[in-house]
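Me: Please take a close look at the pocket linings in this model. Then follow the leads into the parts that connect with them.

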Amino acid sequence: MDGTRRVLVAADKFKGTLTAVEVAERVTAGLRRVVPGLRVEALPVADGGDGTVAAAVAAGFERREVRVTGPLGDEVTAAYALREGTAVVEMAEASGLQRLPDGVLAPLTASTYGSGELLRAALDADARTIVFGVGGSATTDGGAGMLSALGARFLGRDGEPVAPGGGGLAGLASADLSGIDPRLSGVELVLASDVDNPLTGPKGAPAVYGPQKGASPQDVEALDAALTHFATVLEKTETVGARAAEYAASPGAGAAGGIGFGAMLLGARFRPGIEVMLDVLGFAPALERADLVITGEGSLDEQTLHGKAPAGVAAAGRAAGKEVVAVCGRLALPAEALGRAGIRRAYPLTDVEPDVAKCVAEAGPILERVAERIARDFLA
């Protein structure tokens, strides 16, 4: 086969080793080593979590930076992406684990205030549609910090604002959402996430994701009680009322420490992150042009099948009748599961280099060798 065939590389990042853009560059280099002149279109993808703004920028969005409040109150520089009235805002840019000073976890006190400031920056830029990608958060505050930055007031019995973070919500006595930025009512706000957990309970944000953020079993219990109390207080407000309980139980409310719940209070519509991002990035026309699709992420495992980027790309590819293969650092799925997901074959780095430490340290060059294999198997 000659270089007139077209390959679409639509992979997510290899977390901690390669960005989605770097994955596409390395795969392209490996393919062209075997098939010089091969037509390759790169469309780095993301599922709403960290890397979402970078994927939008790679697709032609303008990167904009703004100073916002980090999860523990220090100032950080965060970015969002903008194109033709559509903003892509990634909560991890302001309130993600990577924003914790010295990486010290703070499960009870980390706040999403900076995420609200990012949304406000998108409003200031006259965005008419805001895709709010949530994931990778350092926080479990139900979006209370974000709502505060947008004009809400959460007061304790002393009439003073409650302390930041999920822990502070235990002392909440009253909530007032009447001061929320009125511009939000004229914007389409899309909550993009790869998880569909409710706010609280055994599958809620504190129980499922709290431990990843440093929460002890006692912290998880305290946070679950605080978020339950938060929703109960909101139920008693005129502006929210019974919708608070409805939103708390909704899929996606527990995303990113419950910021999904806060976004729903702002009128956000929940959609699987990869579906939203494929729409925003212009995936459909790129898919139509492709003969072979290469997707992937750092670890192809059970989680991949539940809304992660490669599963979304593969599903779209299969629906369009395209052949899809995947690259990954580590493969933990049997061939049957890959096949059901629409992935013809997966190529882990460990097939080329069994030493996992080496795969991490030399991920780029090894990925190029993996791509050479794909080219020989499917294109040469």
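Reply: The lining of the second largest pocket divides into 12 nonpolar, eight polar and two charged residues. The model is predicted. This pocket holds about 340 Å³ of space. Its lining counts 22 residues, and those closest to the centre are Y113, G145, S148, V162 and P164. Two elements give two or more residues to this lining: α5 (144–149) and β7 (153–155).

Now the largest pocket. Its volume is about 980 Å³. Of its 35 lining residues, D47, D194, V195, Q303 and K308 are the closest to the centre. By class, the lining of the largest pocket has 16 polar, 11 charged and eight nonpolar residues. Among the elements that each supply at least two lining residues are α9 (255–265) and β10 (269–272). β11 (292–300) does so too.

Strand β7 leads on to the aromatic side chains. The whole structure has two aromatic pairs. F154 and F230 make an edge-to-face pair, with 5.4 Å centre to centre and 75° between the planes. F154 lies in strand β7 and F230 in helix α7 (residues 217–235), so this pair ties together parts 76 residues apart in sequence. Both residues, F154 and F230, are buried.

F230 and F261 form an aromatic pair as well. This one is also edge-to-face: 5.8 Å centre to centre, with 75° between the planes. Because F230 sits in helix α7 and F261 in helix α9, the pair ties together parts that are 31 residues apart in sequence. F230 has 0% relative accessibility, so it counts as buried. F261 is buried too, because its relative accessibility is 0%. F154, F230 and F261 form one aromatic cluster. Helix α9 thus appears twice: it holds F261 of this cluster, and it supplies at least two residues to the lining of the largest pocket. Strand β7 also appears twice: it holds F154, and it gives two or more residues to the lining of the second largest pocket.

One loop residue deserves a look. N197 is found between β9 (188–193) and α6 (205–209). Its relative accessible area is 10%, so N197 is buried. The side chain of N197 reaches the backbone oxygen of K203 at 2.9 Å. Leaving aside neighbours within four places in sequence, N197 is in contact with K203, V208 and Y209. The contacts of N197 also include S250, P251, G252, A253, G254 and A255.

Definitions and conventions. Residues numbered from 1 in each chain as written. Predicted model: local features only at pLDDT ≥ 70, side-chain atom pairs only at ≥ 80, totals over all residues. Heavy atoms only, no water. 1 Å grid on protein atoms, 1.4 Å probe; cavity = no way out; pocket = protein on both sides within 12 Å on 5 of 7 lines; lining within 4 Å. Points joined across faces, edges and corners; volume = space filled by probe spheres on them. Helix = DSSP H or I, 4+ residues; strand = E, 2+ residues; numbered from the N terminus. Nonpolar A, V, L, I, M, F, W, Y, C, P; charged D, E, K, R; others polar. Buried < 20%, exposed > 50% of the residue type's maximum accessible area, 1.4 Å probe, protein only. Polar contact = N/O pair within 3.5 Å; in protein donor to acceptor, adjacent residues only side chain to side chain. Contact = heavy atoms within 4.5 Å. Phe/Tyr/Trp six-rings, centres within 6.5 Å; stacked < 30°, edge-to-face > 60°.
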